[in-house]
Every structure is written in structure tokens, then in C-alpha cells.
Amino acid sequence: MPAWFWLVPVASIVALGAAYGFFRQMMKESEGTETMARIAAHVRAGAIAYLKQQYKVVGIVLVSLTLVFCVLAYVFHMQNPWVPFAFLTGGLFSGLAGFIGMRTATYASARTANAARQSLNHGLRVAFRSGAVMGLTVVGLGLLDIAIWFLVLTRYYGTDDAQQVVVITTTMLTFGMGAAVQSLFARVGGGIFTKAADVGADLVGKIEAGIPEDDPRNPATIADNVGDNVGDVAGMGADLYESYVGVILASAALGAAAYLTSGAEIQLKAVIAPMVIGALGSLLSVIGVFLVSTKEGATPKQLLASLGRGVNGSAVMIAVTSLLVLAMMGMPNLWGLWLALIVGLLTGITIGRAAEYFTSQGYKPTMRIAGAAKTGPATVIIGGIGEGMMSVAIPVLAVVSGTGLAYFFGSGYSFGTDTMSLGLYGIGMAAVGMLSTLGITLATDAYGPIADNAGGNAEMSGLPPEVRERTDALDSLGNTTAATGKGFAIGSAALTGIALLASYIEEVKIGISHVLDRGVDYVFPDGSSIASTAVEQLEGLSLMEMMTRYEVVLINPKVIIGMFSGAMLAFLFSGITMKAVGRAAGLMVDEVRRQFRDIPGIMSGDAEPDYARCVSISTKAAQHEMMFPSILAISAPVVIGLIFGVPGVLGLLAGAGAAGFSLSMFMANTGGAWDNAKKYIEEGHHGGKGSKAHEAAVIGDTVGDPFKDTSGPGLNILVKLMSMEAIVVAGFTVAVSLV
Amino acid sequence: MTTYLYLSLIPEALIASMLPPDDFGLYYAIGSAKRSHGQAIFFSVDRSKLGDADLPLEDADARCVAHADGSPKRSLYLSIYRALERVPREALTALHLATDDGRVLTVEPQEFIEDGEDRTHLYQELCPVTPRIVSALNPAEFAEFLTGAQSNVHVPRIVFAELTLGNLKNDPDHQDVDNLPYPNIGHLRDCLRELAAAPDKATKTVLRQMTQEVLFRTIRNGVFVGDPTGITSFPLPSQDALEREHRAWWRSAQSTFGQ
């Protein structure tokens, strides 16, 4: 095993150790007054109740799918025997990452509010370092999972045979599907939960009862705060855990394939390089966390700059040190791979900045939407949709430019198809570059809901105005970082999707080898075949040759059917999840109305609402409503693969990827812009609070809620899950496709 | 139990209740079963200062009694028409502003002190009529103008609030009016220009009647009660005091959509 590999488990332990240290540090802080602690306890209990229920459902799904994979692997021999276990651990680790992050966040909110009573800097430090627990846990667990599986599989298969290394990496890739299933439930379920609570709280509490945001008299207000944690912390954590390990493993698989004939040593280096870069990034993320601090009375710009110091500092450090490490590892095409990595970093930053530009009230697009509010809700909706659609251009151009450049650099400065494997490895390295400092970028993301909850806690506890001003400043900063974080999540999903397309072909080859192992000749759709005795012929097939044999060309109806189905699925999934939010919010509305009616003394503050009941309603609704979209996402690649085979699945992934990425970016940015357009008006523009423009902007914000927090982020996972699943069931698709 | 007398402005009514002001404001804003909501503006009335006012006070004594289960009588309407004119200004001991969700701010009366600096004012009349007016008159002059018998158009007593004009106060064409939540700002500018162009003109109607609730955050200087004998001022606390000492009310007041 190359010595550099050991950096992976070491970095994993350091990241997890730092996360534990930050957690302990946070726990030493006081929760403040009795009221503050009581409110935090309500939120914590609600979040745990939700997660319990969610893990119960996901547990059933994970175990059921594991059994299916066991049958495919051990009864029909269509799959690698390690797949069921890799799948299961991916799901468990992903869930664990989300659970730890959420647990931390729910402990941190009251402590952040209390720290803000002392100073802004203290509040920022508690909130950010609590967010870092999430970021470092995700990368720590991801690297641990990767390291353990790599050690186990290399011990079992050995690394002398180049083809075995390909098998190892593609097998490891399957634990990404477990993580993807977990993240689908966490993101979609969490998204439905949080928006049902949010919309329900707003519609009855604010509009009907006229009570303000975060008012303890609103029965749904605790559920709303719980939702911030389950959606934006646990959901985001599970989502990015899946992206992180997916990107590293897809790149490792691409490296194994790209350097198949370069000798075992070079091939192994190519396999572990993405892992080492991830490890290096996580170590630098820990350093970056310590760079974040601010002075008392800091402006929003200074607060943003202090977070930027941590994130950008880590990015600069990874840019420099990755070159040194790749050089010391003796990587072939050193400068090309390093440039690909830098391209990935820059692509991530571009997407994040574009998201910030299109969603922040400091820039023209959001101001224009706010201006449109002067003429009513219809123009807010039209303006928001228009700006949101336009916001897709820069991220898509960034991803395609990044993809093209990374391919060019990775392939040794060529766009030729003869070096396609190397080019695809370059794309994988770009994706690794984008997510290399996930430890700290995710910290800034998880910081958002912590600061938001701290603001809610300060408000409900009636803390003095100067404290609320500080928590408001922290919260406002969190809104910007959340938009940037979503941009990163979506951008990385796009690059991961492209990398996984190539990995899929490698998995198909392994699927064919299982067919050949059974003594059966394999016949490709173009009529060519490989005899069961000629496995080496299969190993020598390039990606382009595989494409030719499977007739993956645009005019092949199987590809077109797959593409259109994929694009349609992105819209269908969005529609189903949006309607799910509407239905779940309806249940919440009924419950809040019932409590106002049946519990005397809520409005006078003499009686406490039944918060737990609202949490329970949102939980049940989320679990119920996410079943159909989950089944849709899980079944689509199987059904398309069963009917149209490999060309159909590739079309499906391409269509879903292209449409899903664009639609996801559109929904996330549109929702974010509507939210901030409302905030811009509330700051005292176009009539300010209570004006007709404000009323119109509130409608836009409510429409945008499921856009930005349910359907938009959910689409990432749809795309990634379908790619991962296609890889996992590739053996099945190869063996039994009907057409 | 004490029986309280309240003079409500929206709608105009004299009400007897066994609820103290905060509870009455909550009840009046959201009802007994939380099926409705709406802001309320009402005065506490000192019965001892009503003199020989033509009001059915004996009805209050007879019918404003606790229910059989011991719960207090929440409201007994004593008069719903021309109630304000029958309650002497001196009897109005406190003004209560209840938000949509029933938070109540109580404001004590003060002697009106003329602020000579302001030359342009925006007034929202609250009772018994509800037009919105721009005026060159200060609150005392405005009250006198509306209640003086020398004019054909006058009322016996008037309650009105002065609303903020922001930058329009000195310049009707000022572009920075972003935090003024009034509908049709262009028309308001026209009215201010017309007022400025005609030195003899004392008032100009902006809106014939109130179509929205009063956004409490727009009230500047306070609420005034005027009649031919003088004016009483009910000044709101400063924004800083509202933020610090009446936070719950202030948040609710800002959340109100004004519908």
C-alpha cells in the first residue's frame, strides 16, 4: 500500500477528533436562561423524534434493498458479493453524519444565543465551530468509510492485478448508493417536514392570527425551528456526505480505468490520489476553522469576510499543497491533474458566487424582484421565475467550462477520444477539487440554521435588543452562506453525475464479466459478442468502443427515450415533492387552527401550545409523502434498464442530469431570491413592512419555500441516486434487459 | 369585579367590560375563540368624569355582570352611534392600541406641545370620520379647523393620528420614500405639491376614507383628541423605547399587514 494512503485514515481521525473537540467546546458553553434552555429542549426533542421516525423508515428501505442485492449477488451472481455490505455501510455512515450534525446544531442554538449576549465574536465562534462539527464529521466519516473499505478490499483482492483494482474501486462506489438512499430520505423528508411546518406556521400564525415570526404562541413555531435542523443540517449533511464519498470513489474508479495499462504502481497512485486530496483538504479545513473570528460591532460585510477568511484560506492552501503532494506522490501528468483540480475549485467558487449574486438582496436581480412587488404578487412571481431561469446560465456555463477544461488538462491537453479515460479522470479530479475543502464549506452551511435557530431562541426568550441585533447579524450572514452552500451542493452533484456516467460503463464491463463467468457468451446490441472464454477481450475495450457496441448514439431511440424520461422525471419529482409540501402544510394549518380554537389562553400567553403535536404531524406527513418520490427515484433506473438496457440507462442519466441540474439551480435560486426580496422590502424599501409590496413579496416567499428547500435540493439527490443505483444494478441491467 | 368603560374607535362604540385593558384588547382583537383578528383602538373612560353625559350607564351596572360560571362579562355595548361626541375629552384617561394578535400598548394623555418646525402634516382621522388628509396646520390647529363651528363641515369631536411623511415632509418630489407603506405615493405627492402651491389652502384630502388598518409603525407624534375646547395628545413612545420596553407589541405592530 503506498505510504500516502495512510494520510486518509489519519486525516479521518484528525477531522473526527477536531469535530469532537469543537463539540465538547460548544457543550461547555451555557444554554443561558431557563426559558432559553426550555425552548432549545423543545426543538431538540422534536428533531430527535423526527429522526427516529425517519431512520425507522430508511432502515426498512435499506434492509429491504440489501436483501435484494444479496439475492442478486449470491443467488443470481449478477453482482459483486461485497455490494450489499458496502451499500449498507454507506447508508449507515451517511445517516450517522446527519444525526451527529443535527444533534450538535440543536445543542448549539441556545448556546449561540447565549454567547451573543456576551459579544458578536463569541456568538460567531460558537455557531461556526458547531457548524464545523457537522462539516468535519461528514468528511471524517466519509474518509473513514473509504479507508476501511479500501483496506478490506485490497486485502481480499490484492492490488497486483490492474483489473482487480478496477473491481475494487467500482465495488466501493456502490456504498455511495446506500448514502444516496439515506440522503434522499433525509433531504426530501426533511424538506417536506421543514416547509410544511414553515408554511403552516406562516399561513395560520402570521396571516390568520397576525402573530409575528418565531412567536412562542404559534403552535408550529417549534416545528419550524426543528425543520431548519432536519432539513438544512441533517439533510444537507447526508446529501454532501454522499457527494463527497461519491466524488472521491468515482474519481478513484476512473483513475483505475484510465491507468489500467500503466502498471500497478501508477494505477494505484491514480486510485488513491483523490482520497489523498480529500484527506489533505479535510486537514486544511480544520486549520481554516481556526481562521474564523470577528471583532465586536462587525458589519455584515466584515462578518462575511471573516467566514471567507476560513473558506478561502483553506482553498488557497489546498491549491498550493495539492501540487506538492501530487508531485511527491509521483503522479503522471502532474500539472494537468493539478490544473484540473484547480478548475474544480474555481468552478465551485463561480457557482457559489453566482448563487450569491442571484439570491442576495445586495445585488440587482433580487432588487428587481423586490421592485416588481410594487405591482403585486403576479409580477413578483413572474420576475422571480424570470430571474431564476436566467440564474441557471452562469452555473451551467461554469460546469460545462469546468468539465471541458478538466477533461483537456486531465487527458494531457487534448480533446481527442483516444485519451478519453484520462480526460474523464481529470473531470473526477475537478470534482474532488471542488469538494476537497468540504469540511469548512459545509461548516459555513450548517452554521446558517444554527444562527437562524439562535435568533429564534433569542426572540422567543425575549433577550434584549442588542443581543437580537447580534443574532440577526449572524442569521443574515447564514442566509448568504446557505445560498452559496446550495450552489456548491448542486455544482458538485453535476460534476459527480458526469464522473459517474463514466464509472457506470466500468461497472457495466464488470456486469458483463459476471455473465461470462457463468459460461455464457455476451451479445451486444450491435450484434457483436464476446465469448465466455475471452474475458481479456472485454478488459481491453475502451469507453468509446463500449459506446459503439451499445449503440449509444443520439439517434438510437433507446437513448432518446431514456433522455426524455430522465428530463421528465426531474419535473415529475419536483411536482410531486411540491404537492407533498402543500398537502403536509394543509395538515399543519388544520392543527394550528385547532389548537387556537381548543386550547384557551394560547394567544394571551397563559397556556403553552402543544408543540409536540405539530412536530408529530409534520413528521408523519413527511414520512408518508416522501415514499412516492423515493420509490420513483429508486425504481426508474431499474425499469428503464430492464426495458431499454444500457443505452436507455445512459440516456436516462444524461437527461435527468441535464434537466435536473438546471431545474435544481433554477428552483434553489428562485426560492432564495424571493425570500431575500421580501427581506429587502422589510429593510425599508418599496414601502417596507406592511405595504402592498411587502404583502406581494410574502406571497412570493411562500411560493418559493418548497422551491428552495424541498424540490430544488431534492433534485440533486434524484440525479445522484439514479446514477449510483444504475451503477449498483448494472449487472442486472446487463443480464436481463428486454429490448 | 370592576366594570371598565371603553370607548372604541373601530367601530365607534362605548363598551362596558369586566376585563382590564390588556385582556379587553386581546379579546377585542381576536375574539373569544380565535376565529377572527383585527386591530383595535380604544380609550379607557373615567366614569367619574362623564358628568351628565347622555349615556346609558345604568345599563352597564345592571347587565355587565359575571356569567353564571363566574367568568367575566367581556363586552356590553352601551352605545354604537355618536358615542365619541358624548364622552368628554377629560374622561379619556388612556389610549390602548391593540395589534391584530391582541398585544396592547397603553399610552397616557399629555398636554399638547406645539412643534413649530413641521409645516406639512399627514393626518389619519380615526373617528367619527376616516379620511386621510395632508395639511399645513399643526395638530391643534387641525383639530380646531375640524371641530370649529365657523366651518360648515365640522364634527363635535375628532380623534386623529399624525402619520410620518418621511422625506416628503420637506420635499414632495423626494425620491427616497422607500419606507412609506402608503398606497399610491404618486397621489400623495400630488396632494403635497398642491398644498405647497396654494398658501391659502389648509388641507387636502388624500383618501376619502380609511381602507386599511392603521400601521402603528407609521404613527408619528401620536394620537390626538380635539374639540372646540382644546386638544389632548397621546404620544407614542420613541422607537427605541418601543424596541426596548414594549418589544412584544412592537414586533406584532410591525407584522400587521394593514388589511
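**Exercise 1.** In which crossing, left-handed or right-handed, does helix 6 of chain A pass helix 21 of chain A?

*Solution.* The model is predicted, so local features need pLDDT of at least 70 and side-chain atom pairs count only at pLDDT 80 or more, while totals for chains, interfaces and linings use all residues. Residues are numbered from 1 along each chain as its sequence is written, and chains are lettered from A and ligands numbered from 1 in the order in which they are written.

Step 1. Helices (H or I, at least four residues) and strands (E, at least two) are DSSP runs, numbered from the N terminus. Helix 21 of chain A covers residues 627–682, and its axis lies 10 Å from that of helix 6 of chain A, at an angle of about 150 degrees. Axes are lines fitted to C-alpha atoms, for helices over the stretch in contact, with angles from 0 to 180 degrees between N-to-C directions.

Step 2. The crossing of helix 6 of chain A with helix 21 of chain A is right-handed (the near helix is turned clockwise from the far one by less than a right angle; anticlockwise would be left-handed).

Step 3. A:L184, A:F185 and A:V188 of helix 6 meet A:P629, A:S630 and A:A633 of helix 21 (contact: C-beta atoms, placed from the backbone, within 7 Å). This contact comprises 5 nonpolar residues, 1 polar and no charged (nonpolar: Ala, Val, Leu, Ile, Met, Phe, Trp, Tyr, Cys and Pro; charged: Asp, Glu, Lys and Arg; polar: the others, Gly among them).

**Exercise 2.** Describe how helix 4 of chain A packs against helix 15 of chain A.

*Solution.* Step 1. The axes of helix 4 (residues 120–157) and helix 15 (residues 438–461) of chain A come within 6 Å and cross at roughly 135 degrees. Helix 4 of chain A is therefore oblique to helix 15 of chain A (under 35 degrees is roughly parallel, over 145 roughly antiparallel, 65 to 115 roughly perpendicular, and the rest oblique).

Step 2. Helix 4 of chain A passes helix 15 of chain A in a right-handed crossing. The residues of their contact are 16 nonpolar, 5 polar and no charged.

**Exercise 3.** How many residues does each chain give to the contact of chain A with chain B?

*Solution.* Step 1. Chain A gives 22 residues and chain B gives 26 residues.

Step 2. On the side of chain A, helix 6 (175–208), helix 19 (557–598) and helix 22 (692–728) each supply at least two residues.

Step 3. That side of chain A has 6 nonpolar, 10 polar and 6 charged residues.

Key
Contact = placed C-beta atoms within 7 Å.
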